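User: Please take a close look at one part of this model, a single loop residue and what it is joined to. Then set it in the context of the rest of the chain.

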Amino acid sequence: MGAKQRRFDALIGALTDDLFRYACWLSGDRHTAEDLVQETLIRAWRFMDSLHDTSAVKAWLITTLRREHARLYERKRFDYADNDLMALADPNPDDLEAHTEQQWLRERIRALQPEYREPLALQVILGCSVREIAIAMELSENVVTQRLFRARKKLMQQIDNSAGTRLERVR
């Protein structure tokens, strides 16, 4: 194994599962997500020599994945189906109640405006820091912090509204 292959595996290999989960989130389709990750890894291989700051690998890959996703829309239009992506991340698919709550939460996150949805997804799905999100989205850290705050606030409002609706149904 060559030095470049060892460096690639060390820097990028551990992040492929995270990239796949994020690609599924973005595309809503498992096969499209696989293609996105593959294209991202190909670009990462090509341009790995230009990466000098190894602490920025995750943000660099996320940015590359986001750009690959955007390129899909430049090339063609897809017919999307509402796939159940919970099966990808659900460690206990037999727990129907937890599955239903997670699906409900994902639907609420997807309903957020893109400027709030994307940073929240990066934080929740990939565990990205504010700095990594800022680099990936090419925003300042203050803007990312503000969007995360607003996204959580909007989610809490949806939860409160939903709880009120459930109580009204019980009465």
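Analyst: E138 counts as exposed, because its relative accessibility of 55% lies over the 50% cut-off for that class. The model is a predicted one, and this holds for every value below. E138 sits in the loop between α8 and α9. Its phi is positive, about 55°, although E138 is not a glycine. Most residues other than glycine have a negative phi. Along the chain, this positive phi of E138, near 55°, follows α8.

The helix before the loop has several covered positions. In α8, the buried residues are E132, I133, A134, A136 and M137. E138, in the loop between α8 and α9, is by contrast exposed, with a relative accessible area of 55%.

What does the side chain of E138 meet in a salt bridge? The partner is R67, with an N to O distance of 2.2 Å. R67 belongs to helix α4 (residues 57-75), whereas E138 belongs to the loop between α8 (130-137) and α9 (141-170), so the salt bridge ties together parts of the chain that are 71 residues apart in sequence. R67 counts as partly exposed, because its relative accessibility is 41%, a value between the 20% and 50% limits.

The pair of R67 and E138 can be set beside other charged contacts. The count of salt bridges comes to 7. One of the pairs is R30 with E34, whose side chains meet at 3.8 Å, N to O. Both residues of that pair lie in helix α3, where R30 and E34 are 4 residues apart, about one turn of the helix. R30 is partly exposed, with a relative accessible area of 40%, and E34 is partly exposed as well, with 36%. The salt bridge of R30 and E34 thus stays within helix α3, while that of R67 and E138 links helix α4 to the loop between α8 and α9.

Another pair is R108 with E107, where the closest N and O atoms are 3.7 Å apart. R108 counts as partly exposed at 23% relative accessibility. E107 is partly exposed too, with a relative accessible area of 40%. There is also a network of salt bridges, which links R43, E68 and R71.

Nonpolar side chains also reach the surface. L105, M156 and I159 make a nonpolar surface patch of about 230 Å². L105 is placed in helix α6 (residues 96-111). L105 is partly exposed, with a relative accessible area of 34%. That value lets L105 enter the patch, because patch residues need over 30% relative accessible area.

As for the chain as a whole, the protein has 9 helices and 0 strands. Its pattern along the sequence is α-α-α-α-α-α-α-α-α. The chain holds 171 residues, and 35% of these count as buried.

Helix α3, which holds R30 and E34, is crossed by two helices described here. How do the axes of α2 and α3 lie? Helix α2 (residues 16-27) packs on helix α3 (residues 30-47) at an angle of about 130°, and their axes are 8 Å apart. The angle makes α2 oblique to α3, since it falls between the 115 degrees that end the roughly perpendicular class and the 145 degrees above which helices count as roughly antiparallel. The crossing of α2 past α3 is right-handed.

Helix α1 (residues 3-12) also crosses α3, at roughly 130°, and the axes of these helices come within 11 Å. Here too the angle makes α1 oblique to α3. The crossing by which α1 passes α3 is right-handed.

One residue of α2 is S27. S27 is buried, because its relative accessible area of 4% is under the 20% cut-off. The C-alpha atom of S27 is separated by 7.5 Å from that of H69, although S27 and H69 are 42 residues apart along the chain.

To return to the loop, E138 combines a positive phi of about 55° with an exposed position at 55% relative accessibility. Its side chain meets that of R67 in a salt bridge at 2.2 Å, N to O.

Notes:
Residues numbered from 1 in each chain as written. Predicted model: local features only at pLDDT ≥ 70, side-chain atom pairs only at ≥ 80, totals over all residues. Heavy atoms only, no water. Patch = residues over 30% accessible without salt bridge, like charges linked within 9 Å, V, L, I, M, F, W, Y side chains within 5 Å. Areas by Shrake-Rupley, 256 points an atom, 1.4 Å probe, with all protein chains shown as cover. Salt bridge = Lys/Arg side-chain N within 4 Å of Asp/Glu carboxyl O. Buried < 20%, exposed > 50% of the residue type's maximum accessible area, 1.4 Å probe, protein only. Axes fitted to C-alpha atoms, helices over the stretch in contact; angles between N-to-C directions. Parallel < 35°, antiparallel > 145°, perpendicular 65-115°, else oblique. Left-handed = near helix turned anticlockwise from the far one by under 90°.
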